[in-house]
Amino acid sequence: TEVVEMDENNGLLLIELNPPNPWDSDPRSPEELAFGEVQITYLTHACMDLKLGDKRMVFDPWLIGPAFARGWWLLHEPPSDWLERLCKADLIYISHMHSDHLSYPTLKQLSQKRPDIPIYVGDTERPVFWNLDQSGVRLTNINVVPFGLWQQVDKNLRFMILMDGVHPEMDTCIIVEYKEEWKAQFIKAERRKLLNYKAQLVKDLQPRIYCPFAGYFVESHPSDKYIKETNVKNDPNQLNNLIKKNCDVVTWTPRPGATLDLGRMLKDPTDSKGIVEPPEGTKIYKDSWDFGPYLKTLHSAVEDEIFLHSSWIKEYFTWAGFKSYNLVVRMIETDEDFNPLPGGYDYLVDFLDLSFPKERPSREHPYEEIRSRVDVIRYVVRHGLLWDDLYIGFQTRLRRDPDIYHHLFWNHFQIKLPLTPPNWRSFLMHCG
């Protein structure tokens, strides 16, 4: 990191900062792990169940329902005892607010049995649980901890939450230390990087064991067949094979319910008991998804009273607070196939002065056309949600002229929207 400071003669100095690594503070002497003392069980996507001595930690539990509105569904069938595993956890770590990591359908089931389960999140710019009250999920023991400080669980176990290097404003990573012998850093790296880049990263970092996870989703709804066929994902086995060619790091491609015994693997990576696969006949991949309840919830917004009044458009974008930026956006509500919806809204927003013209302005301006499925866009608007549901969830089709990504615009609608939803009750009172 480099900073600029004034010198004694009012000149400028470029100073390179090399702060110490926070995880190097309070070092401890390593102790050997007994067999079975540290076990890591993969549940699904980014969810791991860690046994650390007599404590259990669970990471990022997305185990039922969709993520990003209706765009992502679980690829793997979670172990049948997943809820029991969550209820037995001593603590849960949730890395960030994206719904494939913070799954309110999953947490709703957990909260009905253990509302007081300790949940730990980092102190991100936008709070991880910013939407908790509106979600209807009742959790009473959410702990927001500062970055770079050890959190002591017991005499052997501690963990540290750190800012993510790719999305520091909203994502985090964690270091878990047990008896110093095991220090596992789960970094939520940019998963769209090339396989060669990932392989080089592993070669440079030289972890004892590498496990690719957090990318196991599928676009399973029939209306997203095109996305499913074209959105080809990196194959974890291909990545692990590439790593093996470049270095001696042990790799693990997990399957739901598979358990890695760290004590065995560190002592002898060839130990046949080091990784216990799920029992023969265990269902690995999901072949059915309960679309109905979740699509019904989204569709409930389509007939909401606020959309009887076209002035909702001005109300919403005024609430959103993005302006003074030379960009004109055309928003088009569509059917399932992204065709303009008969009777749906089709309007322009000029973000330079936050106006809503009937035609594009005569000045030179970038232009973006956003077609969105009507149920998702109206649900997002109605509840003041972030546009990740639209963008990451494949619920839009975009056209840009010129073809330039407008980071300030998308960053605002994906991260910086107000923490409280629009006051639609007041809006309707004024409409009446």
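# Strands, cores and voids in a predicted model

Student: In this predicted model, how many of the 7 residues of strand β21 are buried?

Tutor: Strand β21 covers residues 367-373 and is mostly covered. Buried here means under 20% relative accessible area. The number of its residues that are buried is 6.

Student: Which strand pairs with β21 in the parallel sense, and which in the antiparallel sense?

Tutor: On the parallel side there are 7 bridges, and I332 stands opposite R371 of β21. E333 likewise stands opposite S372 in β21. In the antiparallel pairing there are 6 bridges, with E369 opposite R399. The parallel partner is β19 (residues 328-334), and the antiparallel partner is β22 (residues 396-401).

Student: Why is β19 largely enclosed by the rest of the structure?

Tutor: β19 pairs with β21 in the parallel sense, and 5 bridges join β19 to the antiparallel strand β20 (residues 346-350). The strand is largely enclosed because, of its 7 residues, the number buried is 6.

Student: What is the bridge partner of I332 in β20?

Tutor: I332 stands opposite R371 in β21. β19 and β20 run antiparallel, and in β20 the bridge partner of I332 is D346.

Student: Which element gives the most to the lining of the largest cavity?

Tutor: The structure holds 1 cavity of 30 Å³ or more, and the largest cavity has a volume of about 40 Å³. Its lining is made up of W312, M331, I332, E333, Y345, Y347, I370, S372 and I377, which divide into 7 nonpolar, 1 polar and 1 charged. β19 and β21 each supply at least two of the lining residues. The element that gives the most, with 3 residues, is β19.

Student: Which helix gives the most to the largest nonpolar core?

Tutor: That core has 62 residues, and those touching the most other members are F129, W312, Y316, F317, W387, F409 and F413. Apart from it lies another core, of 31 residues, among them I40, L50, Y120 and L157. The helix giving the most to the core of 62 residues, with 6 residues, is α9 (residues 312-320).

Student: Leaving aside neighbours within four places in sequence, which residues is F317 in contact with?

Tutor: F317 is one of the residues that touch the most other members of the largest nonpolar core. Contact means heavy atoms within 4.5 Å. With its neighbours within four places left aside, the contacts of F317 are F322, M331, Y347, V349, F351, L354, F356, W387 and F413.

Student: Which strands stand at the edges of the open sheet of 8 strands?

Tutor: The order is β9-β8-β7-β5-β4-β3-β17-β18, with mixed pairing. Each edge strand has a single partner strand, so one side of each is left without a neighbour in the sheet; the edge strands are β9 (142-145) and β18 (275-276).

Student: What is the bridge partner of T41 in β4?

Tutor: Strand β3 (residues 38-44) and strand β4 (residues 47-52) pair in the antiparallel sense over 6 bridges. In β4, T41 has as its bridge partner D49.

Student: Which residues are the closest to the centre of the second largest pocket?

Tutor: This pocket has a volume of about 900 Å³. The elements giving two or more residues to its lining are α2 (104-113), α3 (132-135), α8 (291-299), α10 (374-383) and α11 (388-391). By class, the lining has 18 nonpolar, 9 polar and 3 charged residues. Of the 30 lining residues, the closest to the centre are Y104, P105, N131, Y379 and L385.

How values were computed. Residues numbered from 1 in each chain as written. Predicted model: local features only at pLDDT ≥ 70, side-chain atom pairs only at ≥ 80, totals over all residues. Heavy atoms only, no water. Buried < 20%, exposed > 50% of the residue type's maximum accessible area, 1.4 Å probe, protein only. Helix = DSSP H or I, 4+ residues; strand = E, 2+ residues; numbered from the N terminus. Pairing = 2+ DSSP bridges. 1 Å grid on protein atoms, 1.4 Å probe; cavity = no way out; pocket = protein on both sides within 12 Å on 5 of 7 lines; lining within 4 Å. Points joined across faces, edges and corners; volume = space filled by probe spheres on them. Nonpolar A, V, L, I, M, F, W, Y, C, P; charged D, E, K, R; others polar. Core = buried A, V, L, I, M, F, W, Y, C linked by side-chain atoms within 4.5 Å.
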